[in-house]
Amino acid sequence: MSGTTRRTFLGTSAAVAGAGGAVLGTSAAVAGAGGAVLGTPRPAMARSGVAPQTVAVLGGGVAGLTAAHELAERGFRVTVYERKALGGKARSMDVPDSGTGGRGPLPGEHGFRFIPGIYHNLPDTMRRIPFPGNANGVHDNLVAPKEMLFARSGGREDIRIPLIWPGDTPAELTPDEIRRALVSVLDTAFNLPLHEALYFANRFLVFLTSCDERRDQDWERTPWWEFVRAARMSYDYQRILAVGITRNIVATKAEEASTRTVGSVLEAFAFNLLGRGADGPLDRILNAPTNEAWIDPWVTYLKSLGVEFEIGWTVLNLPLDAGRIAGAVVEDAEGARRTVTADHYISAMPVEHARRTWNSAVRAADPQLAECDLLETDWMTGIQFYLTERTPIIHGHLDLIDSPWSLTAIAQAQHWPGHDFPADFGDGTVADCLSVDVSEWDRPGILYGRTAKQCTRAEVAREVWAQLKASLNDSGRTVLKDSALHSWFLDPAVDGLGTPNPVNDEQLLIHPTGTFHHRPKSATKIPNLFLAGDYVAVPIDLATMEGANTSARQAVNALLDRVGSAAERCAVTPLYRAPELEALKRHDRTRHLLRLPNLFDLG
């Protein structure tokens, strides 16, 4: 953290949170990449004698905080209403009663942060959040793991892949070069049969050269499992290139996941590996607990811009009057029901919570809101294991490709250089935090033969630990020791486990075939209502922090358009498209109109 520990940050944050002048006076040093000066209202909103317009941002996750950020910098008066905690699913959380002797509580989270180089809009926001000692704000708190591991069980050799960030951009990119590069990577890294590596490379080339119309129509209706012909391929092909990609990258099932969604993200990752159109290395994580490295500095900065926060307030309804939102009916932190009013409203809640607030009149006013009922969510939840010794796994993420519950994990301590784990956290004996994401909750495990939803919280912890050991301790080396397990922490959003009615209050949007066409725009037909969240239609068709950030930028732009503001619009950067492939996509558009397959589609 550039030599800044949590104690240093807490001690200096007041300087950032102080009167507006403390930030405004140094804004030139922390200006965003686009040249906008932080904390300075745009001229159109800062005219003398003109009262700033008010905006109620309903939800304080990445989408809500981004909307508040962009609006406040443009002179709007913003209040954020959040029912739980700022940061949403991106936040970290303290393990209750775990810190003793002056140490901080153990860090828990919904799931480990992953901020890949394919993101552009979220990193831009991060650069504009001041952080003591960092020239580029909290963006400088991103670090790049050196490798990743595909861990296999049954004594089979694990697949270790170094993550190399190329310094030079390839001079030329042709279909043949793409195909040969993919075959080389697949054959070398995954030891797949050559014919399978060749086939997958061909299928990926088909997607890369497909026109937008074919992607939006044909590939949106085609499951990834079917597109890559996984049913007729080897076990490793299925687990890595079909199941592994969809469950661990886009958190959905290969048999259901839209090829449009999976392929678009893989396309961006492939160019990222080639050094094309990327903000940075393929894999990036934060160098401290999320709130410390990102969310807390963000909230501090927003408060310095005048943003107000109401925590523990739940939005219940959005009454309509004369075609406009008349107010937001909320339940406040004390349980009292009240109506809050503003000139404009940005609904920045997850879709499963947002659609509960849209009454029949609101839905009738804009039919795209009713379409959101067709969007689906699923469980992808974090559990942390605290260990009394460092875990000698790898310097990066690991994917347990044979685990029934589709586990991915990362050992955190090695990536947090500003912290001494025993000295900073817990009771002084915890040396590492193994953070695990559980992506499959409806498949029987190896310990109890029950699904995760059918297990109690303690049984889930024991089952996940058993699956970790089955993949990591199966090659003659004891990576995880029972004697080193100090404690565990399962996301409290999950409740009722082991009962007939398990619930998850913080689910993740998934991307089955056809759902792309049900995603709404940020601008609604209600003049003062706008939508932000990872379910909104954005250039990155994936439930991610990047999608949430991008949707908020779109919502702010739509609001600015509605009021006729002269303020600078938020930049919205799409995923990278290789210019060398555009001619092939134009050719494919003609073939698609003629109902012919893609030029490279061999079936």
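**Exercise 1: Aromatic pairs**

Find how many aromatic pairs the whole structure holds, then work out which kind of pair Trp219 and Phe227 form.

*Solution.* Step one is the count: a search of the whole structure finds 13 aromatic pairs. Keep in mind as you go that you are looking at a predicted model.

Step two is the geometry. The ring centres of Trp219 and Phe227 lie 4.9 Å apart, and their planes meet at 70°. Planes over 60 degrees apart count as edge-to-face, so this pair is edge-to-face.

Step three looks at the surroundings. Buried means under 20% relative accessible area. Trp219 has 9%, so Trp219 is buried. Phe227 has 1% and is therefore buried too.

**Exercise 2: A tilted pair**

Now try Phe421 and Phe425: what is the angle between the planes, and is each ring residue buried or exposed?

*Solution.* Begin with the rings: they are 4.9 Å apart, centre to centre, with 55° between the planes, and the pair is tilted. Then turn to accessibility. Phe421 has a relative accessible area of 1%, so Phe421 is buried. Phe425, at 5%, counts as buried as well.

**Exercise 3: A ring cluster**

Which residues do ring pairs link into a cluster with Trp219?

*Solution.* Follow the ring pairs in the model, and you will find Phe200, Trp224, Phe227 and Tyr237 in the cluster with Trp219.

**Exercise 4: Two helices**

Describe how helix H3 and helix H11 cross, and which residues make their contact.

*Solution.* Find helix H3 at residues 62-72 and helix H11 at residues 290-304. Their axes come within 10 Å and cross at roughly 30°. The crossing of H3 past H11 is left-handed.

Next, list the contact residues. H3 contributes Val62, Leu65, Thr66, Ala68 and His69, while H11 contributes Trp294, Trp298, Tyr301 and Leu302. Sorted by type, the contact has seven nonpolar residues, two polar and no charged.

Finally, check how covered H3 is: eleven of its eleven residues are buried. Among them are Gly64, Glu70 and Leu71.

**Exercise 5: A small set of strands**

What is the strand order in the open sheet of three strands, and which strands form its edges?

*Solution.* Reading across the sheet gives S10-S13-S14, with antiparallel pairing. The edges are S10 (314-317) and S14 (337-340), each pairing on one side only. From one strand to the next, the twist averages 40°.

To finish, look at S13 (residues 328-331), which four bridges join to S14. Here Glu331 stands opposite Arg337 in S14.

Methods:
Residues numbered from 1 in each chain as written. Predicted model: local features only at pLDDT ≥ 70, side-chain atom pairs only at ≥ 80, totals over all residues. Heavy atoms only, no water. Axes fitted to C-alpha atoms, helices over the stretch in contact; angles between N-to-C directions. Left-handed = near helix turned anticlockwise from the far one by under 90°. Contact = heavy atoms within 4.5 Å. Nonpolar A, V, L, I, M, F, W, Y, C, P; charged D, E, K, R; others polar. Buried < 20%, exposed > 50% of the residue type's maximum accessible area, 1.4 Å probe, protein only. Pairing = 2+ DSSP bridges. Phe/Tyr/Trp six-rings, centres within 6.5 Å; stacked < 30°, edge-to-face > 60°.
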